[in-house]
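Welcome, and please open your viewer. We will walk through the model stop by stop, selecting a few residues each time.

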Amino acid sequence: MPAGELRHPTPPLGSEEEEKWLWEQIKAEARRDAEAEPALASYLYSTILAHSSLERSLSFHLGNKLCSSTLLSTLLYDIFLNVFSADAAIRSATVADLRAARVRDPACISFSHCLLNFKGFLACQAHRVAHKLWTQCRKPLALALQSRISDVFAVDIHPAARIGKGVLFDHATGVVVGETAVIGNNVSILHHVTLGGTGKSSGDRHPKIGDGVLIGAGATILGNVVIGEGAKIGSGAVVLMDVPPRTTAVGIPARLVGGKEQPKVHEEIPGESMDHTSYISDWSDYII
């Protein structure tokens with residue numbers, strides 16, 4: 001883990017105890033930072049230390065981030081808090097997303113840093129609420145949230161898209177996720193990634209991303225294609241066909257490392273390891 005290992009044993013993943021443990025960690029970090037940097041003391045108090053739970057802190061922060069002159073922060077706070085409080089699965093996903101950022105991103109110095117400043121994390125949590133509203137047939141409100149998320153965070157995720165837990169949107173700028181896209185658990189996606197369609201036809205038309213997938217910066221995946229569990233998509237690749245599990249696809253149009261008949265298979269889970277290497281020297285004469 002970046003910046004040193006946690007000193008105290010963590011409770012089981014996905015448990016209520018983990019959520020409580022994480023909230024205590026975040027408060028301790030906020031108190032430490034407020035003492036070290038008095039200029040942030042008021043900000044840290046209002047966003048974290050004044051609240052009794054993670055969902056209240058996150059709802060307050062998202063409400064202030066996404067509000068506008070006609071969409072008030074107090075209204076958004078109530079919307080976010082009602083969804084987070086009523087849905088344990090969403091709270092569990094939020095905790096898993098925080099853990100993912102802390103473990104996988106060496107630039108993440110603390111849980112509170114992610115909660116306050118990582119726009120990929122914040123956009124994903126706001127999307128979870130928009131998706132819940134979409135499933136409750138509150139589509140105009142869900143779409144309004146999508147618009148605000150896009151405006152504020154430069155992340156455009158249709159509220160119907162389904163996203164698993166333990167997901168990292170690293171940097172996140174320019175990420176586009178279409179209506180019928182599905183993103184599995186423990187997936188890592190970098191900036192300027194598009195999970196899009198191939199035309200104006202309706203129906204199931206967007207990519208399905210398996211668990212543990214890593215998608216590099218600027219990659220484009222188009223159509224109702226399946227990216228298999230543990231696959232790796234290289235930066236800038238354009239993927240138009242299915243990618244088998246635990247293989248690597250690179251290039252324009254994307255091709256499998258090792259060839260279509262006998263692609264190179266890796267053992268690790270790249271969505272968790274964040275290993276972007278494609279071992280290009282093993283299969284290409286590319287030279288700068």
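In what order do the strands of the four-stranded open sheet run, and is the pairing parallel or antiparallel? The order is β2-β5-β8-β11, and the pairing is parallel.

Before going further, a note on what you have open. This is a predicted model, in which local features need pLDDT of at least 70 and side-chain atom pairs count only at pLDDT 80 or more, while totals for chains, interfaces and linings use all residues. Residues are numbered from 1 along each chain as its sequence is written, and side-chain values use heavy atoms, with hydrogens and water left out.

**Stop 1: the four-stranded sheet**

Select 162-163 for β2 and 226-227 for β11: these are the edge strands, and each pairs on one side only. Strands here are DSSP runs of E with at least two residues, helices are runs of H or I with at least four, and both are numbered from the N terminus. Two strands pair if DSSP finds at least two bridges between them. Strands of a sheet pair through backbone hydrogen bonds, either parallel or antiparallel.

Now add residues 182-183, strand β5, and residues 208-209, strand β8; they pair in the parallel sense over two bridges. Click on Ile183 and look across to β8, where its bridge partner is Ile209.

**Stop 2: the six-stranded sheet**

The next open sheet has six strands, in the order β3-β6-β9-β12-β14-β15, and its pairing is mixed. Its edge strands are β3 (168-169) and β15 (255-256), each pairing on one side only. From β3, two bridges lead to strand β6 (residues 188-189), and these two strands run parallel. Select Leu168 to find its bridge partner in β6, Ser188.

**Stop 3: a strand residue and its neighbours**

Next, pick Val155, in strand β1 (residues 155-157). Is Val155 buried or exposed? Val155 is buried, at a relative accessible area of 1%; buried means under 20%, exposed over 50% and partly exposed in between, with a 1.4 Å probe and protein chains only. Leaving aside residues up to four places away in sequence, Val155 touches Ala123, Ile149, Ser150, Ala172 and Val175. A contact means heavy atoms within 4.5 Å. For a distance check, select Arg255 too: it is 100 residues from Val155 along the chain, and their C-alpha atoms are separated by 27 Å.

**Stop 4: two packed helices**

Show helix α3 (residues 54-66) and helix α5 (residues 88-104), which pack at an angle of about 80° with axes 11 Å apart. That makes α3 roughly perpendicular to α5, a term for angles of 65 to 115 degrees. Turn on side chains for Leu54, Glu55 and Leu58 in α3, which meet Arg91, Thr94, Val95 and Leu98 in α5. Sorted by type, the contact residues are four nonpolar, one polar and two charged.

**Stop 5: the aromatic pairs**

How many aromatic pairs does a search of the whole structure find? There are two; rings pair if their centres lie within 6.5 Å, with planes under 30 degrees apart counted as stacked, over 60 as edge-to-face and the rest as tilted.

Select Trp21 and Phe111, an edge-to-face pair at 6.2 Å centre to centre and 80° between the planes. Trp21 lies in helix α1 (residues 16-36) and Phe111 in helix α6 (residues 111-117), so the pair ties together parts that are 90 residues apart in sequence. Trp21 is buried at 13% relative accessible area, and Phe111 is buried at 0%.

Finish with Phe80 and Phe84, whose ring centres are 6.4 Å apart with planes at 20°, so this pair is stacked. Both lie in helix α4 (residues 73-86), four residues apart, about one turn of the helix.

How values were computed: Axes fitted to C-alpha atoms, helices over the stretch in contact; angles between N-to-C directions. Parallel < 35°, antiparallel > 145°, perpendicular 65-115°, else oblique. Nonpolar A, V, L, I, M, F, W, Y, C, P; charged D, E, K, R; others polar. Phe/Tyr/Trp six-rings, centres within 6.5 Å; stacked < 30°, edge-to-face > 60°.
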